[in-house]
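Work through the exercises below with the model open beside you, and try each task before you read its solution.

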Amino acid sequence: MSAGWLRACALVVMGLFSVCALAKDKQPTVIVIGGGLAGLTAAYELQNKGWQVTLLEAKPSLGGRSGMATSEWIGNEKTQPVLNKYISTFKLSTTPAPEFVRTPSYLIDGTYFTAADLTTKQPATAEALKRYETTLDDLARSIEDPQNPSANNTLHALDQISVSNWLDRLQLPATARQLVNQQIRTRYDEPSRLSLLYFAQQTRVYRGVSDRDLRAARLLGGSPVLAQAFVKQLKTIKTSSPVSAISQDKDGVTVKVGSVGYQADYVVLAVPLRALNKIQLTPALDARHQGAIKGTNYGWRDQIMLKFKTPVWDSKARMSGEIYSNTGLGMMWIEPAMKGGANVVVNLSGDNARVMQAFGDKQMADQVLIRLHAFYPQARGAFTGYEIRRYSTDPSMGGAYLAFGPGQISKYWRLWEMPLQRVAFAGEHTDTLYPGTLEGALRSGQRAASQVQDLAAGKSFEPAKVVPVAAAAAAGAVAAKKGNFFTNLFGGDSDKEPVKAAAPIAPAPAPAPVPAPAPVQAPAPVAPAKVEPAKKATVKPVAKKPVAKTPAKKTPVKKAAPVKKPAAKPAATQTQAQ
Ligand SMILES: Cc1cc2nc3c(=O)[nH]c(=O)nc-3n(C[C@H](O)[C@H](O)[C@H](O)COP(=O)(O)OP(=O)(O)OC[C@H]3O[C@@H](n4cnc5c(N)ncnc54)[C@H](O)[C@@H]3O)c2cc1C
């Protein structure tokens, strides 16, 4: 063997080694789409683990659906562990919640009642509310595993029933029914648009959690402060960058914002489903995912804050905290008069919010003020202004938050928990236990970040398996211990009726089509967004490059990025949707 040939071989081998070393050392890249709390969490976690992260947000500001109230009520560590972890990591200020917010109260035809008042002054309503709660609790008890709510045929059948159908059977007196409707539409959506199984599953998740733990403290500045804490940590954020297309191939992903393309190894897609509908994916999503994007129900909830010089309700009633009204006022928060005035945040939810879409902002404020003035005649004189946030028709949100409609758990359960090739999904709507909450959004961001890590390490994700529906005979095992499933379901006390396999009542009619989105005012900016100059982009811009049409193939295993800390698995403890 000649010395020259040996030298050539050595050079080739050395070359191969250095290519391998380069591949090993190459910093993995990820694009996070959506700058709400889910996207911010995913970006933060991946950046901490050594990834080059670029966050693309459609709006000029970050924070997405963070709340309007200047300070948010939050649960304690037991009920919202992930939220509390970030609050402590970022050293955000909280104050303990005062007593008045810890339990809801009621405004019945203009008269204010605490829960205790109701028992003595409106015993029929109080008893009916108790019966409703007991029946709902029985229903929730029948779900053993909230991660798998349709574990048997009987539970599966509940998904075909709407909550209003179930409430009709309870035959509550009119006032109690109005209050129950109001509570459900504020937390989820109109009862007629909500799957009974979803309602039961969510009640199961929060079963045994006390109101005191759920409203334990106040986050000063509200959730926008948390969003800003994440923003401060992130190196590359591009606001006003609505993503229009994502294509994947064997080498990576290309993300298009107008005519500009960004390339990276992976994508975290943290936008609500209606917004996802506007992003073109290549290869295209399958029929089930597309059906979910178009069909999954979102609750409607808009917020209007009315500002007064003084608390006009003081003369008549104390009014404080979270109040459910039986009139068109919806659910109200009375904000403590911290800045010399008094604020009422009125939540218009469900069909009340849908109807209000016909009104402009000022008209909407007037409508609410007229109703308040009817009870509190000083209201008009003391009124100083309003702020409105419309989540329902904002095209980047398409609703307040996920609220599965009848039949939708059966079709779309845990669909977005699994990555598709190089794309992992995040957002409150992808969290199984805590959709519609800050906790759910944060958990989903952590989960997506750890999935991207796993993908880079060569792990492949199987589509989520639907746990087979067990024999009808095993139905409602827990509920069956006391009464039977369907007698408990409707608040009865007889246990003579046998457990049936099929739904005994007609499936709920499909919810009425949602009115076409009206033009809306953009939500108030969370805080000035940090816009990085283009040179700081961590992914390669590929301006005007046509999007690759090649279908994604299985990609070779990549070495995982250096990990500073193991990904914290979010604990599955309980919290409250509101
Ligand atoms: C009225 C209301 C009250 C609430 N109250 C509470 C409460 O008291 N407690 C609680 O825990 N939770 C509450 N929530 C829920 C909580 O606010 C949400 O669950 C959470 O903020 C959702 O975060 P997200 O990141 O999943 O989605 P989002 O915040 O919606 O973030 C998605 C982001 O993606 C962006 N985007 C969309 N399309 C594109 C695109 N094509 N390209 C780039 N970016 C795009 C959007 O602009 C948005 O910023 C409330 C929600 C509402 C609406």
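## Exercise 1: a salt bridge between buried partners

D361 is buried, at a relative accessible area of 16%, where buried means under 20% relative accessible area, exposed over 50%, and partly exposed in between, with a 1.4 Å probe and protein chains only. The model is a predicted one, in which local features need pLDDT of at least 70 and side-chain atom pairs count only at pLDDT 80 or more, while totals for chains, interfaces and linings use all residues. Residues are numbered from 1 along each chain as its sequence is written, and side-chain values use heavy atoms, with hydrogens and water left out.

Task: with which residue does D361 form a salt bridge, and which parts does the pair tie together?

Solution. Begin with the criterion, which asks for a side-chain nitrogen of Lys or Arg within 4 Å of a carboxyl oxygen of Asp or Glu. The partner of D361 is R390, and the closest N and O atoms are 2.8 Å apart. Next, place the two residues: D361 lies in helix α15 (residues 361-375) and R390 in strand β19 (residues 383-390), so the pair ties together parts that are 29 residues apart in sequence. Helices (H or I, at least four residues) and strands (E, at least two) are DSSP runs, numbered from the N terminus. Finally, check the cover of the partner: R390 is buried as well, with a relative accessible area of 6%.

## Exercise 2: helix α5 and its charged side chains

Task: which residue meets D137 in a salt bridge, and is R141 buried or exposed?

Solution. First, the side chains of R207 and D137 meet in a salt bridge with an N to O distance of 2.7 Å. R207 lies in the loop between α9 (196-205) and α10 (211-214), whereas D137 belongs to helix α5, so this pair links parts that are 70 residues apart in sequence. Both ends count as partly exposed, R207 at 33% relative accessibility and D137 at 27%. Then turn to R141, which is found in helix α5 (residues 123-141) and counts as buried at 19% relative accessibility. Its side chain is joined to that of D138 by a polar contact of 2.8 Å, a term for a pair of N or O atoms within 3.5 Å, where within protein one must be able to donate a hydrogen and the other to accept it, and residues adjacent in sequence count only if both atoms are side-chain atoms.

## Exercise 3: the ligand and its shell

Task: which backbone atoms lie close to polar atoms of the ligand, and how does the shell divide by residue class?

Solution. Start with the contacts: a nitrogen atom of the ligand is 2.9 Å from a polar backbone atom of V243, while oxygen atoms of the ligand lie 2.8 Å from a backbone N or O atom of E428 and 3.1 Å from one of T437. Taken alone the ligand exposes 1,000 Å², of which the protein buries 96%, the areas coming from the Shrake-Rupley method with a 1.4 Å probe. The residues of the shell divide into 17 nonpolar, 12 polar and five charged. As for where they come from, α2 (37-48), β15 (301-308) and α18 (438-456) each supply at least two of them.

Technical notes:
Nonpolar A, V, L, I, M, F, W, Y, C, P; charged D, E, K, R; others polar.
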